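The report that follows considers one helix and its surroundings, then the cysteines, and finally the contact between two chains.

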Amino acid sequence: MRIEVNGVEREVQDARLDAILNELGFAEAKVATAVNGDFVPLTARAERQLQPGDRLEVVAPMQGG
Amino acid sequence: MRDFYGVTLNSPLMLGTAQYPSPAVLAEAFRTSGAAVATVSLRRETGGGQDFWALVRELGVRILPNTAGCHSAREAVTTAQMARELFQTPWIKLEVIGHSDSLQPDPFELLKAARILCAEGFEVFPYTTEDLVLAERLVEAGCRVLMPWGAPIGSGLGLNNRYGLRSLRAHFPDIPLVVDAGLGLPSHAADAMELGYDAVLLNTAVAKAGDPAAMARAFALAAEAGRLAHEADPMEARDMAAPSTPVIGKAWLS
């Protein structure tokens, strides 16, 4: 299915968030996630199913003021 | 030294981590200044986040994640929730921007987000104006620190409204207050601390200096000098001169 990952359309095989992150290469990365603007905690990723067209945000620590 | 949600900091300097010429210069600025807090943010992962996180952990300072760039309470709340998981801290520097030119906080969305986050157990450091009514509401919402701006973010103008900042200090004697944003020179930091503020938070003035590490140290010394001066109870200023050398006993020589 096609979803939006950090503002870019991507084709993913799985619907589960943890599997999607694996597929996108974020398995080992220190990242946090939100789907359609709502936070999805690490502990809930395995149960969270995405739908076609969903907006996934994957964020990491960055410089800030 | 005042405590921030139960944490006593050993320096009144809080330093941002953005805009440095290199990660090495950033680390050096923290080393030379002894800054106690580093502000960080969250951005879409494009590969650099993991290295940055390793660098920040090595600084050995307390982490204060921000919600920079958020323009609504909803965005800020989601960002704070992600930050808490990622950085493993309940601290959040709550920024909800309402005006694109001045980067002035949106007081309505800020308050809305502060209420939600305080109820969720966050320890909120709200980036606010010096408005007393808004400050009251933020404290009622559960904020135990207030961070009024000195001047617009990145402007380097110093304390634009000393009267407002002084009023805020007088109205909230028991709330830790931090001047956040707009400082350009160490004298601005000393000024804020002399007003009785508990800390200063800055980024651009250090990161964009020709020698960021030296400037970071200058800010640390100035903030500390201002803190000592405030605690030493400064004299009242007056309009007329008053001789400091005793007049009595002066020889009659004319």
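A residue is called buried here when its relative accessible area is under 20%, and exposed when that area is over 50%. The model is a predicted one, and the description below should be read accordingly.

**Helix α2 of chain B**

Helix α2 of chain B spans residues 49–59, and within this helix Gly49(B), Phe52(B), Trp53(B), Leu55(B), Val56(B) and Leu59(B) are buried. Viewed down the axis of α2(B), the buried residues lie within an arc of 160°, and therefore they line one face of the helix. The face turned away from that buried side carries Asp51(B), Arg57(B) and Glu58(B), which are exposed. The packing partners of the buried residues of α2(B) come from both chains: β5 (55–63) of chain A on the one hand, and α1 (23–33), β4 (37–44), β5 (62–65) and α3 (73–87) of chain B on the other. Just after the helix, Gly60(B) adopts a positive phi of about 70°.

**Cysteines**

A search of the whole structure, over all chains, finds zero disulfides. Two cysteines of chain B that are in no disulfide are set out below, each with the cysteine that has the nearest sulfur.

| Cysteine | Nearest cysteine sulfur | Distance | Relative accessible area |
|---|---|---|---|
| Cys70(B) | Cys143(B) | 16 Å | 5%, buried |
| Cys118(B) | Cys143(B) | 4.1 Å | 16%, buried |

For Cys118(B), the sulfur of Cys143(B) is 4.1 Å away, whereas a disulfide requires a pair of cysteine sulfur atoms within 2.5 Å, so this pair does not count as one.

**The contact between chain A and chain B**

The contact draws 25 residues from chain A and 25 residues from chain B. Between them, chain A and chain B bury about 2,200 Å², of which 58% is on carbon and sulfur atoms. Of the area that chain A buries against chain B, 29% is supplied by Lys30(A), Met62(A) and Gly65(A), more than by any other three residues.

Three salt bridges are counted between the two chains, and the side chains of Arg45(A) and Glu85(B) meet in a salt bridge with an N to O distance of 3.6 Å. Across the interface of chain A and chain B, 17 residue pairs are in polar contact, both residues of each pair being at pLDDT 80 or more. On the side of chain A that touches chain B, the elements giving two or more residues are β3 (32–35), β4 (38–40) and β5 of chain A, and the largest share, seven residues, comes from β5(A).

Key:
Residues numbered from 1 in each chain as written. Chains lettered and ligands numbered in written order. Heavy atoms only, no water. Buried < 20%, exposed > 50% of the residue type's maximum accessible area, 1.4 Å probe, protein only. Helix = DSSP H or I, 4+ residues; strand = E, 2+ residues; numbered from the N terminus. Arc of directions from axis to C-beta. Contact = heavy atoms within 4.5 Å. Buried area = accessible area lost by both parts, 1.4 Å probe. Salt bridge = Lys/Arg side-chain N within 4 Å of Asp/Glu carboxyl O. Polar contact = N/O pair within 3.5 Å; in protein donor to acceptor, adjacent residues only side chain to side chain.
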